[in-house]
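Biologist: Please take a close look at one part of this model, the second largest pocket, and describe the character of its lining. I should also like to see how that part relates to the charged pairs and to the other pocket.

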Amino acid sequence: MGVVPKQQTPVILLGGASGSGKSYLAQRFGRPHLELDNFYREITEHSVASPLPQTAYGEIDWDHPGTWNCDKAVDAMIELLESGQTQVPNYSISTSSYDGTHGVGLDGGPLIAEGIFVGEILRPLQRLGVPVHAYYIDVSALATAIRRFVRDVKERRKPLAFLLKRGYALFLADKNIRARHLATGFIPMKKNEVKALLAAAESQGGSPAGP
């Protein structure tokens, strides 16, 4: 990897439980919005010799960071900051596979990256000298679980039985997910506070002022 330029696009990371509203806020205010979930590993990488992490109920644990390629996500973000553009995989959650790539380019505003494993990328970026603002969206576990289930069923992300088991597991793990993000350096904020902060950053074309 090269050296990140001194004058660069502000980088904002949004963390939160699946269904907390990260994607909506990043899509609304990001210029660009980098969807880190596109860097999931493909199901073809799962084999007897080299298995992906699994749940207690025998399914691939797509909520384990071992099913996500942090190195490729970091490489893509650095390339985006250095050159102004990068190629991102088109990842299908329903098939757990890639279908080509799409281009992402800087557009004169904050680069907002989000995904369920965004907590894994903060420290690698900091080690590379990238100034990063990281916020965790605080939403009640029950509200998030309901929103997540409705979304996943509507988008047919996985079979219904899997979604029910996964949803219950994530509901129970909500406090631990939050604690892991905060332990890496994310700042907890209510969703309306994050929205106001991102709106201010967008209007100023620069870094957020902070909570």
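Modeller: In this predicted model, the lining of the second largest pocket divides into 9 nonpolar, 7 polar and 6 charged residues. The volume of this pocket is about 470 Å³. Its lining comprises 22 residues, and those closest to the centre are D63, P65, F117, I177 and R180. Helix α5 gives the most to this lining, with 8 residues.

One of the central residues, D63, leads to the charged pairs. Salt bridges that share partners join D63, R151, D152, E155, R157 and R166 into one network. Within that group, D152 is paired with R151, and their closest N and O atoms lie 2.8 Å apart. D152 counts as buried because its relative accessibility is 4%, under the 20% limit. R151, by contrast, is partly exposed, with a relative accessible area of 23%.

The network in turn leads to the largest pocket, which holds about 610 Å³ of space. Its lining has 32 residues, and R151 and R157 are among the closest to its centre, together with S18, D37 and I93. Both R151 and R157 also belong to the network that includes D63, and D63 is among the residues closest to the centre of the second largest pocket. Helix α5 (160-184) supplies at least two residues of the lining of the largest pocket, as do α1, β3 (85-92) and α4 (141-154). The makeup of this lining is 8 nonpolar, 10 polar and 14 charged residues, whereas the second largest pocket has 9, 7 and 6 in those respective classes.

For context, a search of the whole structure finds 8 salt bridges. One of them joins R31 and D107, with 3.8 Å between the closest N and O atoms. R31 lies in the loop between α1 (22-29) and β2 (33-35), and D107 in the loop between β4 (97-105) and β5 (111-114), so this pair ties together parts that are 76 residues apart in sequence. R31 is partly exposed at 29% relative accessibility, and D107 is likewise partly exposed at 48%. Another salt bridge links E45 to R41, the closest N and O atoms being 3.3 Å apart. Here E45 has a relative accessible area of 33% and counts as partly exposed, while R41 is partly exposed at 22%.

Terms used: Residues are numbered from 1 along each chain as its sequence is written. This is a predicted model: local features need pLDDT of at least 70, side-chain atom pairs count only at pLDDT 80 or more; totals for chains, interfaces and linings use all residues. Side-chain values use heavy atoms; hydrogens and water are left out. A salt bridge is a side-chain nitrogen of Lys or Arg within 4 Å of a carboxyl oxygen of Asp or Glu. Helices (H or I, at least four residues) and strands (E, at least two) are DSSP runs, numbered from the N terminus. Buried means under 20% relative accessible area, exposed over 50%, partly exposed in between (1.4 Å probe, protein chains only). On a 1 Å grid over the protein atoms alone, a cavity is a set of points where a 1.4 Å probe fits but cannot get out, and a pocket is an open set with protein on both sides within 12 Å along at least five of seven lines; lining residues have an atom within 4 Å of a point. Grid points are joined across faces, edges and corners, and a volume is the space filled by probe spheres set on the points. Ala, Val, Leu, Ile, Met, Phe, Trp, Tyr, Cys and Pro count as nonpolar, Asp, Glu, Lys and Arg as charged, and the others, Gly among them, as polar.
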